[in-house]
Amino acid sequence: MTGPASIRTVRGRAVRCRVAGQGPPVVLLHGIGRTLADFAEQHALLARDHRVVSLDLAGHGGSAPLDEPHTLPALARATADCLDALGVDGPAHLVGNSLGGAVAMRLAVDDPARAASLALVNSAGFGGQVTIALRLLALRPLGRLLLRPNRAVVRRTERVLFHDRRHVTPERLAEALAVARRPHAARVMLELVGSLGTVRGVAPGWRAELLDAVARLDLPILVVWGDRDLILPAAHLDAARARLPRARAHLFADTGHLPQIERAEEFHRLVTDFWADHPARG
């Protein structure tokens with residue numbers, strides 16, 4: 001058992017996180033509009049022999065919003081502040097799903113001493129294509145209308161995330177609805193979507209700058225994808241191979257946007273084998 005999540009105060013702001021285990025540090029970062037619950041299975045598995053930190057990104061889940069616009073650099077800075085508060089000041093294995101992958105890359109570029117490796121899971125940043133649901137959020141006021149808490153919309157969103165619909169559980173639906181009902185949730189979502197893309201898709205400028213910087217890092221990188229991802233298509237894995245030719249790549253069969261859930265045991269073996277080949281330094 002990894003224990004419940006708790007609220008910490010970091011620079012005067014509430015941050016929800018879960019910390020468990022002993023060993024090399026691992027940091028788990030979820031996607032846009034999501035929470036640390038997306039890494040619950042991995043947290044439990046990895047805490048057997050790692051010190052594992054899962055957290056709700058700023059403005060997500062149980063973490064309070066920032067006093068500045070929610071952008072990729074701002075989320076990376078807030079994540080760094082949280083890690084400092086938890087005493088994780090040396091190199092950690094950074095694992096990010098979707099938006100969390102881009103946050104992990106930004107964190108590694110901005111402060112390379114924090115990163116022992118990157119594991120990028122169906123990560124934002126490798127292509128412009130993204131689900132129409134996210135592109136429409138860039139159209140205001142339509143975006144705010146689409147983000148109104150609604151059980152039917154929440155169910156539809158959860159179903160899109162998974163190839164195996166058995167993972168669309170009552171517990172996940174309840175968590176997603178509770179997150180959507182937070183008073184700042186729509187604002188945070190719209191700020192992030194507006195900073196990262198347009199109705200045409202994910203903007204190329206920040207992607208090119210970030211990937212160029214990541215490619216210059218002397219850092220082990222693992223990129224994984226689900227072949228049935230309806231949010232960020234699996235073709236992005238080919239783009240990742242082209243932009244980061246030294247990275248290790250893996251494609252999960254019959255898997256959607258959250259392989260860390262749909263392929264929990266296989267995912268755990270994949271990342272721990274990768275880390276065994278590239279142990280944390282310092």
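# A walk through a predicted protein model

Of the 282 residues in this protein, 54% are buried. What you have in front of you is a predicted model, so let us explore it step by step, starting with the overall make-up. The protein has 12 helices and 10 strands. If you take the contacts between residues at least 6 apart in sequence, 75% of them join residues at least 24 apart. Keep that in mind as you move along the chain.

Let us begin with the sheet. Eight strands form an open sheet, and their order across it is 1-2-4-3-5-6-9-10, with mixed pairing. Try tracing that order on the structure with your finger. At the edges you will find strand 1, residues 6-10, and strand 10, residues 248-252, each of which pairs on one side only. The sheet is not flat like a board: on average, neighbouring strands are turned by 25° against each other, with direction ignored.

Now zoom in on the edge that strand 1 provides. Its partner is strand 2, residues 13-20, and the two pair in the antiparallel sense over 5 bridges. You can pick out individual pairs here. Ile-7 stands opposite Arg-16 in strand 2, while Arg-8 stands opposite Val-15 in strand 2. Strand 1 and strand 2 form a hairpin, with 2 residues between them.

One of the residues to look at in that turn is Arg-11, in the loop between strand 1 and strand 2. Arg-11 has a positive phi of about 50° although it is not a glycine. Is Arg-11 buried or exposed? Its relative accessibility is 74%, and because the cut-off for exposed is over 50%, Arg-11 counts as exposed.

Arg-11 has a counterpart worth visiting, beside the other edge strand. Asp-254 is found in the loop between strand 10 and helix 11, which covers residues 259-262. Asp-254 also has a positive phi of about 50° although it is not a glycine. Asp-254 has a relative accessible area of 36%, so it is partly exposed.

Next, step further into the sheet, to strand 6. This strand spans residues 115-121 and is mostly covered: 7 of its 7 residues are buried. Strand 5, residues 92-97, runs parallel to strand 6, and 6 bridges join the two. Within this pair, Gly-96 has Leu-120 in strand 6 as its bridge partner. Compare this with the hairpin you saw earlier, where strand 1 and strand 2 pair in the antiparallel sense.

Now let us turn to the helices. Helix 2 covers residues 72-85 and helix 3 covers residues 99-110; their axes come within 9 Å and cross at roughly 70°. How should we describe that arrangement? Angles of 65 to 115 degrees count as roughly perpendicular, and helix 2 and helix 3 are therefore roughly perpendicular to each other. Where do the two helices meet? From helix 2 come Leu-72, Pro-73, Leu-75, Ala-76, Thr-79, Ala-80 and Leu-83, which meet Leu-99, Ala-102, Val-103, Arg-106 and Leu-107 in helix 3. Sorted by class, this contact has 10 nonpolar, 1 polar and 1 charged residues.

Stay with helix 2 for a moment and find Ala-78, which lies in this helix. Ala-78 has a relative accessible area of 8%; since buried means under 20%, Ala-78 is buried. Which residues does Ala-78 touch, leaving aside its neighbours within four places in sequence? Ala-78 is in contact with Arg-13, Ala-58 and Leu-66. Take Leu-66 as an example: Ala-78 and Leu-66 are 12 residues apart in sequence, and their C-alpha atoms are 8.3 Å apart in space.

Finally, let us look at a pair of cysteines. How many disulfides does the structure hold? The structure holds 0 disulfides. Cys-17 is in no disulfide, and the nearest cysteine sulfur, that of Cys-82, is 5.0 Å away. Why is there no bond between Cys-82 and Cys-17? A disulfide needs cysteine sulfur atoms within 2.5 Å, so the 5.0 Å from the sulfur of Cys-82 to that of Cys-17 is too far for a bond. Cys-17 has a relative accessibility of 1% and counts as buried. Cys-82 is buried too, with a relative accessible area of 1%.

Technical notes
Residues numbered from 1 in each chain as written. Predicted model: local features only at pLDDT ≥ 70, side-chain atom pairs only at ≥ 80, totals over all residues. Heavy atoms only, no water. Pairing = 2+ DSSP bridges. Helix = DSSP H or I, 4+ residues; strand = E, 2+ residues; numbered from the N terminus. Axes fitted to C-alpha atoms, helices over the stretch in contact; angles between N-to-C directions. Buried < 20%, exposed > 50% of the residue type's maximum accessible area, 1.4 Å probe, protein only. Parallel < 35°, antiparallel > 145°, perpendicular 65-115°, else oblique. Contact = heavy atoms within 4.5 Å. Nonpolar A, V, L, I, M, F, W, Y, C, P; charged D, E, K, R; others polar.
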